Every structure is written in C-alpha cells, then in structure tokens.
Amino acid sequence: MDIALFSPSSLFPDEDESSNDEGTSETQQSYEERKHQFPGMELIIREFSFHELNANLLWPGTFAFAEWLVQNPSWIRGRKCIELGSGTGSLAIFLRKSFNLDVTTSDYDDQEIEDNIAYNCSVNGIAPALPHIKHTWGENFPISDPDWDLVIASDILLYVKQYQNLIKTLSYLLMSYNYKRKCDKMASQNDEGGESLAKPMFVMSWRRRIGKEDELLFFSGCENAGLEVKHLGSRVYCIQSIK
C-alpha cells in the first residue's frame, strides 16, 4: 500500500494560500482506486491523490481496528454508530457489510470527502450511500438531539492542536445522548443487560505513532472534560462520560 507524504502544517493553510489554490484544486485533483483486504472481504476504495486534511488514504489503524472489532463484536452489535474522521469511508463500509451496522460517516465540512464516501459505498454494493454529516471538530454539531450510542474513529490523534476541538465534539456526542430514552427502548424489547449497554461510548484505535506526551495530553484533556478513559488492549481505547 502506498504511503502518503504530507506536512502537518498543511492541516490549516493560510487564508491567502487557500484562496489562491481554490481555483486550481479541482483541476489538480485526481483519484486512484485500490483493492484493500479487510477481514473476510476485499473492498475497492477510491483515494484522493492528495487532500489537505489527509482524508485521502487509508491509515494502518483502520485495518487493525477492523480486525479488533471482528474479534470483539459485542462492542458494536446492536449499536447505532457514528464515525469521526471517516476519510474514505472504508471502515464504515466494512462494518455495514460485515455486521449490517447502522453507521453514519462524518468528516470535515468538505464536499469532496462526502462525494468520495458516496462513491466508495456505490462501488462496494451499498445503496443508498451511508448517511454522512459534515462537521468540523469543535464547532456546533449540526444535530441537536444526537442518538448514536457508539462513536468510533481510527488514527485521528495526529494533530495535537486539534485535541481540544475533538474533545469538545466528543463531549457533546456522549453527554447529549438521551440515555434514558435508549434504556426504556431496550427494556421494552426485553434486552437483557440493555441498561449497561445503553451508555454511549467512544471506541478508537490508532497505529500511527505519537509521542507519549501528546498521548497523555489527549487523555488528560478527556478526563478534565468529565470523560473516563479505559485501555481495552491492542491500542484500542474506550471513552465514556463519567456522569
């Protein structure tokens, strides 16, 4: 698999540079379709040749997380899920095809990302495309009553300066969830242990190496925001609201 070369400084280009590039970005953009092996299946994923927010390629954490979820299906079975930083949409597509998971993709407010995810859904036999939400971390979330009880992500801790924005979005999704409504629904369906499973959670994995100080900065930021962090093994973490 090809390795993407990029500069972290490209995450947020200067306004002047961004406006200068705006007229040429569409003509310069190109794509390449690649076949990727996921547990039990092969997916065809169209990737950007370049994207300033690195939504163009599949990262190692995607494959590792897919394998972990196959080995630990109880963490996703019966959940309603939203993925942060979906990129190409490959993980969400895999989970829909493998588990028929109710999953929504999300990423930075960028039409190219949304269109590419829709394309990847289509070529892998998912129609209509998975629901998608444009959201820039830290900004007001476009859904006022979030009903996802599972938030997932892989390899999204690369940019330290985005940690507080990511934590703000996570806190909103986990703390605004109508926990009682979910418990009542599961109880009405006689789902044993439903109440313990109903509490919303963020489960993430990554394989891109970050410094210990950066790792602690993210986790301590979560704890300061009223979130509890648990290591599940294999560099997979579960984060939930303490309340």
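Two strands count as paired here if DSSP finds at least two bridges between them. With that in hand, let's walk through this structure, which is a predicted model.

## A first pairing: β8 and β9

Strands β8 and β9 run antiparallel and are joined by six bridges. Within this pair, Glu228 has Gln240 of β9 as its bridge partner. The two strands form a hairpin with two residues between them. Ser234, in the turn of that hairpin, has a positive phi of about 55°.

## The overall picture

Stepping back, the protein has eight helices and nine strands. Of its 243 residues, 47% count as buried. If you look at contacts between residues at least 6 apart in sequence, 69% of them join residues at least 24 apart.

## The seven-stranded sheet

Seven strands build an open sheet with mixed pairing, in the order β5-β4-β3-β6-β7-β9-β8. Which strands sit at the edges? They are β5 and β8 (227-233), each of which pairs on one side only. From one strand to the next, the twist averages 25°.

Inside this sheet, β3 (residues 80-83) and β6 (residues 150-154) pair in the parallel sense over three bridges. Glu83 stands opposite Ile152 in β6. Helix α3 packs on the sheet and touches β3, β4 and β6. The direction of α3 makes about 175° with that of β4.

## The other hairpin

Strands β1 and β2 also run antiparallel, and eight bridges join them. Lys35 has Ile44 in β2 as its bridge partner. β1 and β2 form a hairpin with two residues between them, and Gly40 in the turn has a positive phi of about 80°.

## Two helices, each with a buried face

Helices α4 and α8 are worth a look one after the other. The table sets out their lengths and spans.

| Helix | Residues | Number of residues | Expected span | Distance between end C-alpha atoms |
|---|---|---|---|---|
| α4 | 111-123 | 13 residues | 18 Å | 19 Å |
| α8 | 212-224 | 13 residues | 18 Å | 18 Å |

For α4, the distance between the end C-alpha atoms agrees with what 1.5 Å a residue predicts. The end-to-end distance of α8 agrees with its expected span as well.

Which residues of α4 are buried? They are Ile113, Asn116, Ile117, Asn120 and Cys121. Seen down the axis of α4, these residues fall within an arc of 145°, so they line one face of the helix. The general geometry helps here: an α-helix has 3.6 residues a turn, so residues three or four places apart point the same way. The buried residues of α4 pack against β1 (31-38), β2 (41-48), α3 (90-99), β4 (102-107) and β5 (132-134).

Both ends of α4 have something to show. At the N-terminal end, Asp110 acts as a cap, with a side-chain oxygen 2.8 Å from the backbone nitrogen of Glu112. Just after α4, Gly125 takes a positive phi of about 80°.

In α8, the buried residues are Glu215, Phe218, Phe219, Gly221 and Cys222. They fall within an arc of 155° when seen down the axis of α8, so they too line one face of their helix. These buried residues pack against α5 (163-175), β7 (201-205), β8 and β9 (236-241). The face of α8 turned away from the buried side carries the exposed residues Lys212, Glu213, Leu216 and Asn224. Just after α8, Gly226 takes a positive phi of about 85°.

## Two aromatic residues in loops

Trp59 is found in the loop between β2 and α2 (60-71). Is Trp59 buried or exposed? Its relative accessibility is 13%, and buried means under 20%, so Trp59 counts as buried. The C-alpha atoms of Trp59 and Asp155 are separated by 6.8 Å, with the two residues 96 residues apart along the chain.

Tyr177 lies in the loop between α5 and α6 (179-188). With a relative accessible area of 8%, Tyr177 is buried. Its C-alpha atom is separated by 7.1 Å from that of Trp148, and these residues are 29 residues apart along the chain.

Technical notes
Residues numbered from 1 in each chain as written. Predicted model: local features only at pLDDT ≥ 70, side-chain atom pairs only at ≥ 80, totals over all residues. Heavy atoms only, no water. Helix = DSSP H or I, 4+ residues; strand = E, 2+ residues; numbered from the N terminus. Expected span 1.5 Å × (residues − 1). Buried < 20%, exposed > 50% of the residue type's maximum accessible area, 1.4 Å probe, protein only. Arc of directions from axis to C-beta. Contact = heavy atoms within 4.5 Å. Polar contact = N/O pair within 3.5 Å; in protein donor to acceptor, adjacent residues only side chain to side chain. Axes fitted to C-alpha atoms, helices over the stretch in contact; angles between N-to-C directions.
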